[in-house]
Amino acid sequence: MRSVLFSLLLCTVISVQAADRWHIQADGSLLWMIDERVPHSDHIEMSGQQLSVVLRYGVDENGAFTLNRSLVFPMLRMKPNKTQNNLKQRFDVNIPGMVTIDDLTLINEKVEWVKLNGIMEVKSSFSTVYRRKTVPKAITLHRRLCPSPYNTYYVEEYAFTNHMEQNVRLRLPQLDIRYETLEEDGVYGSYVIGAKTLSHGIKVLEKGQTLKLYVVFFAHKKSSVPPTFTPERVFMERDALLRQWADHLVLTTPDSVLNTMFAFAKIRGAESIYRTKGGLMHGPGGEAYYAAIWANDQAEYMNPFFPYLGYDIGNESALNAYRHFARYMNDEYRAIPSSIISEGVGFWHGAKDRGDGAMIAYGAARYSLARGDKSEAQQLWPLIEWCLEYCRRQKIPEGVVSSDSDELENRFPSGKANLCTSCLYYDALNSAVYLGKALQKPKSQIRKYQLEADSLRRAIEDYFGAEMKNYHTYRYYEGNTLLRSWICMPLTVGIYNRAEGTISALFSPYLWTDEGLLTQEGSETYWDRSLLYALRGTFAAGEVEKGIEYLHKYSQHRLLGEHVPYAIEAWPEGNQRHLSAESGLYCRIFIEGMLGIRPLGFRSFLLAPHLPKDWKEMSLRHIMAFGHDFDIEIKKENKGYHVLVTTEKKVLVNKTILPYEKIIVNLK
C-alpha cells in the first residue's frame, strides 16, 4: 500500500512539474499566475533602435518580484572597437523597496501575475503596518517595463494603488544614479550612463487612488545633450509598433500555441534593428552582437523573412546589410568576411570562409524576389553574381563546395566541404534563375546557373548521400560517422530523395531531446536554428504529421515552459539567449514549410500547402510580399484543399487542389 501511495505521489509531482507555467490569454498575451512553483527565474531581451535590455526577473521563495536589468547601448562604442565592445551596465536596484508609507517600508510583496506581450507587466500586493497591526494587501503595484523604440531610454512604470480605508502618504525617493566612463575608453569619448526617477517627494494617496512613478535608465555621450521625452510616449510608441507587427502577416490555425508563438516571433525578429552610423543593422542581440551583421543570422536567416512582414525598417536593414557585404567583393575572389562589425567600420573573419558566399547569395536572391522591388534587385544582382562565382570557384573535384568551416565556426567538425554550404549554393542558383528572368538577364547566363544547379544536385547526392545508423540520409562531411542536425538542409531547398530517412534520423533518439535537436549525436549541445530548419524542411517534404507533432512540442516548450517566449540560440553556450534571427526562422516554418511558398518572380510564387490531418483550415493574412498586401486561406475540401488567395481588390486564386499539388500564384 505504501508503494502505491508513493507512486501516486510521484506521478502527481511529475504532473505538476510538467505543467505549463505560462498561459495564453484572449488578447494574445502570456500570463504567469503565481502558484506554489517558486522560486522561479527567467530572462528575456527587448530591443529598440538605440538600446537593448535583458531583464533577469523572477519570483523568490517568499513571493516577491526580483529584477536585474542589463542594458546595452550598441552605438556607444568602447575600445577596442570590436563586435562585443558595446557600452553595457547592469542595474540591480529595488525601486519599490525605496518607497515608504509614512516612515515604514512596504513589506511582504506577493506577486499575483506576470504578463508578456512585447511589454512586461507585473501585478503585486504589499502589506504595511498601521497602528501596530499588519494590514495585508494594503497597496497594490502594477509594473510596466519596456525600452524606447527610438531613443536610448528604458522605462519602468510603477503604479501604486491604495486599498486601505484611510489616506496614506507615500514617500517617493529622488533617485539619480550616474556613471561616467573614461575618455580614453570610448570610441566617442566619455559616456554617461545612469538611472533616475522622474518625480519624488511626499504624495497623499486617497483610498482607491493610483499614483504612478517613472524610472528611466539611459546613456549618452558626455559631450551631448540627451533628447527630451515623456515616459508615457515611450509606451505609446512601443504599443504602436506592436500593433503594426500584429496586424501584418497574421497566422490563424486551430493551434493557439502556434498562432501565439508566431505572433511573438514577429516581435523579437523585428525589434532588434539598430540605427547605426552605417545605416540600419539588424542584430542578433544576447548582450553581445549589435551594430553588426552576419552572413548567416542576417543575410541567410532574417532578411528573406522581412518582405513578408512588410516592416519598412526591416526591409531597409536587409538591403543595407547586403550593401555592406557588397563592399567586400573583389576581383581576386577572396572570401567575403563573415561579419561586418562596429557600425560598419570593421569586419570579423575569425573562422575564415564559413560558406558565407553561399549564405549571402541564398538570402539576397530570396529577399530580392519576395521584396518585389526591381530597383533593389538590380542593386543586389552584382553581389549575387559575385557570390555564385565565388562558390563555383570553391568546388572540389567531386562537385561540391569547399569551405574552411560552417556557421558553427569550428565548434563541431565540418570537413573540407559540408552539406550546408552546398545546399545553400544550390538554392541560390535556383533563385538566381528566377531572379535573372525577372531582371531580363541574358538567357545564356540563366542557362548556366540552371545547369550548375542540376550538376550540384547530383553531386550532393553522390558526395553526401550515406547510410547513417541505418537511416537513408546524409553524412555532413566526408569521414563523418555521427548524425548531425544539419542533415536537414536538403529538405529546405527542395531535395527530397532521402527525405524519409533524413526525417526519421532527425527525430530519432540519436538527435531529438525535450529541448530540441542535438547538434551532433552523443553531445549535449543544441541550437534552435538547426531545429527550425529541420521543421521547415519536414513540412516542405510533406511529412506533415511528424512535422506538426514536433513543432507543437517545441513551440509549447519555448512559449509556455520555463524559459519563454522566444526561440533561443543555444545551450550550454549563451545560456539560451533570445537571439533575434531564430524568431525569423520560426516564422519561415509556416511561410516556406507549411504553405510551401517559393518565390518565382517579383509578383509570383509557388504555393504548396501541407495541412495536418486534424486541421480543417489555416490562413495567413496581410502578407506584404511581392508588392502586394494579400491573404492565403486553405480549407480542407473532400480529399483536397480549397485554396483562396485574395487582395483587397480581387480574388487571385479560388480552386481546389489535391494534397501535394503545387500551384503558381500570380499577383499581377
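Modeller: Two strands pair if DSSP finds at least two bridges between them. Strands (E, at least two residues) and helices (H or I, at least four) are DSSP runs, numbered from the N terminus. This is a predicted model: local features need pLDDT of at least 70, side-chain atom pairs count only at pLDDT 80 or more, and totals for chains, interfaces and linings use all residues. Residues are numbered from 1 along each chain as its sequence is written, and side-chain values use heavy atoms, without hydrogens and water.

Colleague: Which residue in β20 does Y274 stand opposite?

Modeller: Start with the strands. β19 (residues 273-276) and β20 (residues 279-282) run antiparallel, joined by four bridges. A hairpin of two residues connects β19 to β20. Across from Y274, in β20, stands M281.

Colleague: Now the open sheet of three strands. What is its strand order?

Modeller: Its strands pair in the antiparallel sense, and the order is β21-β22-β23.
β21 (293-294) and β23 (346-348) each have a single partner strand, so one side of each lacks a neighbour in the sheet. The edges are therefore β21 and β23.

Colleague: Which residue in β22 is the bridge partner of I293?

Modeller: β21 pairs with β22 (residues 339-341) in the antiparallel sense, over two bridges. In β22, I293 has as its bridge partner I340.

Colleague: On to the rings. How many aromatic pairs does the structure hold?

Modeller: Rings of Phe, Tyr and Trp (its six-membered ring) pair if their centres lie within 6.5 Å; planes under 30 degrees apart count as stacked, over 60 as edge-to-face and the rest as tilted. On that basis, the aromatic pairs number 30.

Colleague: How are the rings of Y154 and F217 arranged: stacked, edge-to-face or tilted?

Modeller: The ring centres of Y154 and F217 are 5.4 Å apart and the planes stand at 40°, so this pair is tilted. The pair links distant parts of the chain, 63 residues apart: Y154 is in β12 (residues 153-162), F217 in β17 (residues 210-221). Y154 is buried (under 20% relative accessible area; over 50% is exposed, in between partly exposed; 1.4 Å probe, protein chains only). F217, at 0%, is buried too, and the arrangement is tilted.

Colleague: Which residues form the aromatic cluster with Y154 and F217?

Modeller: Both residues are part of one cluster. Its other members are F91 and Y179.

Colleague: How far apart in sequence are the parts that F605 and F630 tie together?

Modeller: The rings of F605 and F630 have centres 5.6 Å apart and planes at 25°, so the pair is stacked. F605 lies in β31 (residues 604-607) and F630 in β33 (residues 630-637), so the separation is 25 residues.

Colleague: Next, charges. Which side chain meets E157 in a salt bridge?

Modeller: A salt bridge is a side-chain nitrogen of Lys or Arg within 4 Å of a carboxyl oxygen of Asp or Glu. The structure holds 45 salt bridges. At 2.9 Å, N to O, E157 meets R144.

Colleague: R238 and E271: buried or exposed?

Modeller: The closest N and O atoms of their salt bridge are 2.8 Å apart. R238 sits in helix α2 (residues 231-247) and E271 in helix α3 (residues 256-271), 33 residues apart. Both are buried.

Colleague: Which helix holds R366, the salt-bridge partner of E592?

Modeller: E592 and R366 have their closest N and O atoms 3.5 Å apart. E592 lies in helix α15 (residues 581-594), so the pair ties together parts 226 residues apart in sequence. Both belong to a salt-bridge network with D427, R536, R588 and R598. R366 lies in helix α7.
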